[in-house]
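Subject: Structure handover

Hi,

Here is the structure I promised to pass on to you. Have a look at it first, and then read on for my notes.

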Amino acid sequence: MLDNKQRVIPLIVATALFMENMDSTVIATSLPAIAADIGTSPLTLKLAITSYLLSLAVFIPASGWTADRFGARMVFAIAVGVFMVGSIGCALSQSVTHFVFARILQGMGGAMMTPVGRLVLLRSIDKSELVNAMAWVTVPALIGPVIGPPLGGFITTYASWHWIFLINIPIGLVGIFMAMRFIDPIKSETQEPFDLYGMVLAGIGLAGIAFGLSVAGLNLLPWGTIAALVVGGSISMTLYVLHARKTGSPVLDFSLLKLPTLRAAIFGGFMFRLGIGALPFLLPLLMQIGFGLSPFHSGLVTFASSLGAMGMKTLAARIIRTFGFRNLMTVNAIISAFFLAVCALFTVTTPLLIIMVILVVGGFFRSLEFTAINTVAYADVETAQMSRATTLVSVNQQLAVSAGVAVGAACVETTMWLNHVSEINATVFAPAFLVVALTSAASSWFFWQMPADAGHEISGRKAVEVASRKGAAKSAASAAVKAATEDTQDVRDQRLG
């Protein structure tokens with residue numbers, strides 16, 4: 001079990017992730033009120049959402065090097081502080097320009113909070129307790145986007161939109177205090193030079209791709225401009241890949257993809273997140289536009305998925321230990337995709353209770369898969385490579401979510417075009433849910449490619465127990481591997497501690 005300190009650290013990281021994820025979604029509900037107050041249109045103010053995502057994409061690649069150079073605890077605390085300053089700037093904004101700049105500042109803080117917070121966790125928690133720790137982190141990160149819409153609607157309706165951003169201040173202050181008190185000041189023993197040229201190429205590439213995908217379907221920019229952004233970003237990323245092969249300290253280290261567990265978490269995780277990432281975009285639209293629910297009541301319905309996520313927390317470690325990462329992730333990806341596909345059957349006559357039950361159960365399996373993906377990604381990563389791995393995973397997550405929204409929006413628009421429908425209604429969402437569900441299910445192929453004993457050190461499922469089913473002929477070799485692994489496990493755990 002996690003001791004007190006090892007339980008507090010995941011909660012500190014989770015608080016920051018909760019603050020960031022909730023803030024990213026709560027603003028969507030309040031855009032009309034904010035736009036009216038500062039004298040602009042909601043469509044123009046959508047720049048605030050895209051500018052935040054743009055800032056994230058640009059600064060995430062620098063997070064790993066910054067944490068190694070100045071210490072993960074200090075960078076994490078400063079990142080929370082920057083996010084708070086950006087929040088205050090949003091609350092005090094009197095024009096679109098001020099608001100966009102404040103959101104960019106928030107994005108700078110958020111770009112460091114996520115990967116550096118995960119790095120703090122990996123360097124502070126024993127590998128044997130990593131599944132439990134990731135479960136504590138995953139739940140608040142999932143709850144944030146779910147409660148964001150109803151909370152934003154409630155605050156905007158009964159108070160003032162300014163409090164959407166000001167509530168981050170006490171949360172952030174507590175997070176900084178707890179971080180400085182409970183997190184050890186760990187720095188990297190080796191100081192590597194900063195890859196400025198690679199940072200520029202990766203920043204332009206990620207910004208073009210993430211920004212282009214994020215605005216797709218928002219009718220904010222012409223499709224030609226969106227295509228140019230994505231193509232230009234892809235070209236820049238291609239140039240970065242060529243550059244990274246020639247440098248010893250790349251900001252995004254793709255050589256880590258040689259590790260089978262990280263490779264599965266990157267490629268399989270991208271496919272899974274792409275499908276699941278479309279759910280927070282499609283479901284509120286279906287509830288509000290298709291079924292005629294208010295934003296507040298729609299948010300209360302979609303909140304049901306967080307209940308399933310919370311139920312997962314206490315069972316994740318036991319389930320993973322019983323079935324192993326490979327078996328669990330392969331099967332659970334299909335189960336999660338099934339519950340996503342069931343959303344295609346929702347109609348205006350479907351009882352809300354049934355919808356909520358499906359969302360609760362689906363939320364359990366989705367949260368379990370996220371916990372497994374986020375944990376197994378670091379199973380074979382050495383301490384010296386940990387900061388690069390967290391940066392790579394964070395970039396992958398950002399692109400996956402952006403792609404998920406773009407795919408969901410494209411499916412809805414394509415269905416409208418094929419059916420010659422000019423306005424969105426409840427019937428145009430079913431194909432989108434099916435497409436993103438199939439995309440998530442496809443991730444199971446990548447997870448099945450992992451070794452049978454993948455992540456056994458952190459799951460508690462011994463390699464010899466997994467291999468014994470393959471025949472007695474391999475038992476001796478498996479036992480030898482197990483013995484060698486256990487001899488070195490304490491050493492590797494001390495490195496992470």
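**Around D253**

The side chains of D253 and S255 make a polar contact at 2.5 Å. Please keep in mind as you read that this is a predicted model. D253 sits in the loop that runs between α11 (223-244) and α12 (260-277). Its side chain also makes a polar contact with the side chain of R388, at 2.8 Å. That second pairing is a salt bridge, with 2.8 Å from N to O. The count of salt bridges comes to one, so you won't need to search for others under that rule. R388 belongs to helix α19 and D253 to the loop between α11 and α12, so the pair ties together parts that are 135 residues apart in sequence.

Is this pair buried or exposed? Both R388 and D253 are buried. For D253 the relative accessibility is 6%, and that is why it counts as buried, the cut-off being under 20%. Leaving out residues up to four places away in sequence, D253 touches Y240, R388 and L392.

**The chain as a whole**

The secondary structure comes to 23 helices and zero strands. Of the 497 residues in the chain, 55% are buried. Among contacts with a separation of 6 or more, 83% are between residues 24 or more positions apart. The accessible surface amounts to about 20300 Å², and carbon and sulfur atoms hold 69% of that.

**The cores**

How many residues does the largest nonpolar core have? The number is 121, and the residues with the most contacts inside this core are L252, L282, F325, F346 and F433. Helix α19 (residues 386-418) gives the most to this core, with 13 residues. There is also a second, separate core of 17 residues, which includes A48, C90, A102 and F165.

L282 is a good place to start if you want to look inside the main core. Setting aside neighbours within four places in sequence, L282 is in contact with G408, V412, F429, A432, F433 and V436. One of these partners, F433, is also on the list of residues with the most contacts in the core. L282 lies in helix α13 (residues 279-290), where L279, F281, L282, L283, P284, L286 and M287 are buried.

**After α13**

Helix α13 is followed by G292, which has a positive phi near 80°. L293 is placed in the loop between α13 and α14 (295-302). With a relative accessibility of 23%, L293 counts as partly exposed. Apart from neighbours within four places in sequence, the contacts of L293 are M287, Q288, S298, V301 and L352. M287, one of those contacts, is among the buried residues of α13.

There is another positive phi to check, at H420. Most residues other than glycine have a negative phi. H420 is not a glycine, yet its phi is positive, about 55°. You will find H420 in the loop between α19 and α20 (430-448). H420 is exposed, and its relative accessible area is 74%.

**L130 and a long-range pair**

L130 is part of helix α7 (residues 130-158). This leucine is buried, with a relative accessible area of 3%. L130 and A317 are 187 residues apart in sequence, while their C-alpha atoms are 8.9 Å apart in space. Which residues is L130 in contact with, leaving aside its neighbours within four places in sequence? They are L122, I125, T375 and I458.

**A nonpolar patch on the surface**

F194, L196, V200 and I204 form a nonpolar patch on the surface, and together they have about 360 Å² of accessible area. L196 is found in helix α10 (residues 196-215). L196 is exposed, with a relative accessible area of 55%. An α-helix has 3.6 residues a turn, so residues three or four places apart point the same way. With that spacing in mind, have a look at L196, V200 and I204, which are among the members of this patch.

Best wishes

Conventions:
Residues numbered from 1 in each chain as written. Predicted model: local features only at pLDDT ≥ 70, side-chain atom pairs only at ≥ 80, totals over all residues. Heavy atoms only, no water. Patch = residues over 30% accessible without salt bridge, like charges linked within 9 Å, V, L, I, M, F, W, Y side chains within 5 Å. Areas by Shrake-Rupley, 256 points an atom, 1.4 Å probe, with all protein chains shown as cover. Salt bridge = Lys/Arg side-chain N within 4 Å of Asp/Glu carboxyl O. Helix = DSSP H or I, 4+ residues; strand = E, 2+ residues; numbered from the N terminus. Buried < 20%, exposed > 50% of the residue type's maximum accessible area, 1.4 Å probe, protein only. Polar contact = N/O pair within 3.5 Å; in protein donor to acceptor, adjacent residues only side chain to side chain. Contact = heavy atoms within 4.5 Å. Core = buried A, V, L, I, M, F, W, Y, C linked by side-chain atoms within 4.5 Å.
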